[in-house]
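Ready to take a structure apart, one small exercise at a time? Have a look at the sequence and the model first, then try each task before reading its solution.

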Amino acid sequence: MCPPLNFWSRMIQEVMFMSKKILFVILDGVGDRVLNGRTPLEVAVKPNMDFIAKNGVQGIVDVISPGVIPGSDTAHLSLMGYDPYKSYTGRGPLEAMGAGIEVKPGDIGFRVNFATVDENWIIKDRRAGRIKDARPLAEVLDGMEIDGVKIILRATVEHRGALVLRGEGLSDKITDADPHEVGKPVLEVKPTDDSEEAKRTADIVNKFIKKSYEMLKDHPLNKEREKQGLLPANIVLPRGPGKVPHLQSFEDKWGIKGIFIAGVALLKGLGRFAGLPAPDLEGATGGYDTNPMVKIDRALKFLYEEDGDIAFINFKATDVAGHDMNFEKKVEMIEKADKMFEKVLDKDDLVIAITGDHSTPVTKGDHSGDPVPLVLYAPNVRTDNTLYFSEREAAMGGLGRIKGFDIMPILMDLSDKAHKFGA
Ligand code: ZN
Ligand code: ZN
């Protein structure tokens, strides 16, 4: 027998006026291939994600396009609904943003290494003896001008850092200085097209590298390191140049208020690139020791106390395990990430997406073009018959096979924030 009509009406009333929030969790590199018949997702014990899968709908995602191997940066652009082919201009600008530099359209951004060279500029160590903190060295060079172009330099983690060139007539069409190999000489930076801008930029970067050697080789910090038998960080090597593009802000693009929560600089940079706040959180390290609870707490605070609409969370440790070719660690990190979802199971106004930005198979030790699983939960969502969150189950899910930039429109629709196309 059907319940009385007012039963249904009352149920409808309940959901109709619900303002829905979106939680979008990206388990970095979570997808894998089978080893001995199973993937890490299939081996991991993850009751919360499985609960969401059972009550939600799954599908598999080609984050860029079938068979295309995504970088974390291009993948996240796609997941945020941007066309990665139009919006991506290289890793340098993102790294600079992640390092806290306020980049502007037209700036040229680079990743840099503090390295050790001998007096003939032959690389002795690309990581300068794994220097712990290169900030005092970066400060010496930061803010100087070369040929009217401003140099902005920040040290980030260990030997890594970011460089920005700001000025007129610059180009990113230049080569790298880093030979990527010990025993090789530092490479002269050259233009890769015929433009005056590329020639001038190459010239400025070469001058900057020379300056870095002159100013760092006798720096007190390096003298002290040498005394302790450590390698000096006596040169700065830029690579991965990219021009900062004009990217429509996420808020303008989707008309909703977001936050981007990540541990690693590159991804924080990406969030800020899209105009989203990307807070530095204590304990969110991007490594095996990361504390995902810090992230979920920040996300829920944003959504429920700061009137936010969408919170992105990147969990990096699954990718790290894939690169380390460590099956057990990947399982362990999936189980660690699962704890986050304990905090959301009681939320009846939350739209949840869990996916990866790409696969990082432990048998490959690097990213692959294999699609990633996606699970969506939303109030009243049309569920499918899948029971567990995994590559295999997701491939049988109700969403079928979609692309990375399809996810945002689906989330907008499920949270009733989308607008009708047509009359
Ligand atoms: Zn990634
Ligand atoms: Zn990776």
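Below are four exercises, each with a worked solution.

Before you start, note that this is a predicted model, where local features need pLDDT of at least 70, side-chain atom pairs count only at pLDDT 80 or more, and totals for chains, interfaces and linings use all residues. Residues are numbered from 1 along each chain as its sequence is written, chains are lettered from A and ligands numbered from 1 in the order in which they are written, and side-chain values use heavy atoms, with hydrogens and water left out.

**Exercise 1.** Work out which residues coordinate the zinc ion (ligand 1), and what arrangement the donor atoms make.

*Step 1.* Look for donors, that is, N, O and S atoms within 2.8 Å of the metal (3.2 Å for Na, K and Ca); water is not among the atoms, so sites may look incomplete.
*Step 2.* You'll find D28 (OD), S72 (OG), D357 (OD) and H358 (NE2), at 1.9 to 2.0 Å. Along the chain, their spacing reads D-x43-S-x284-D-H.
*Step 3.* Now the angles: four donors count as tetrahedral if all angles lie between 85 and 135 degrees; four count as square planar and six as octahedral if opposite donors are over 155 degrees apart and all others between 65 and 115; anything else is irregular.
*Step 4.* The 4 donor atoms here subtend 101 to 126°, so the arrangement is tetrahedral.

**Exercise 2.** Do the same for the zinc ion (ligand 2), and find what distance separates the zinc ion (ligand 2) from the zinc ion (ligand 1).

*Step 1.* D319 supplies two OD entries in the donor list, joined by H323 (NE2) and H367 (NE2), at 2.0 to 2.6 Å. The sequence spacing of these donor residues is D-x3-H-x43-H.
*Step 2.* The angles run from 54 to 144°, which makes this arrangement irregular.
*Step 3.* Between the two zinc ions you get 4.5 Å.

**Exercise 3.** Decide: are D357 and H358 buried or exposed?

*Step 1.* Buried means under 20% relative accessible area, exposed over 50%, and partly exposed in between (1.4 Å probe, protein chains only).
*Step 2.* D357 has 0% relative accessibility, so D357 is buried. H358, at 1%, counts as buried too.

**Exercise 4.** Describe how domain 1 and domain 2 meet.

*Step 1.* Domain 1 covers 18–88 + 246–414 and domain 2 covers 94–243 (bounds come from an automatic or database domain assignment).
*Step 2.* Their C-alpha centres lie 33 Å apart.
*Step 3.* Counting contacts (heavy atoms within 4.5 Å), 10 residues of domain 1 touch 7 residues of domain 2.
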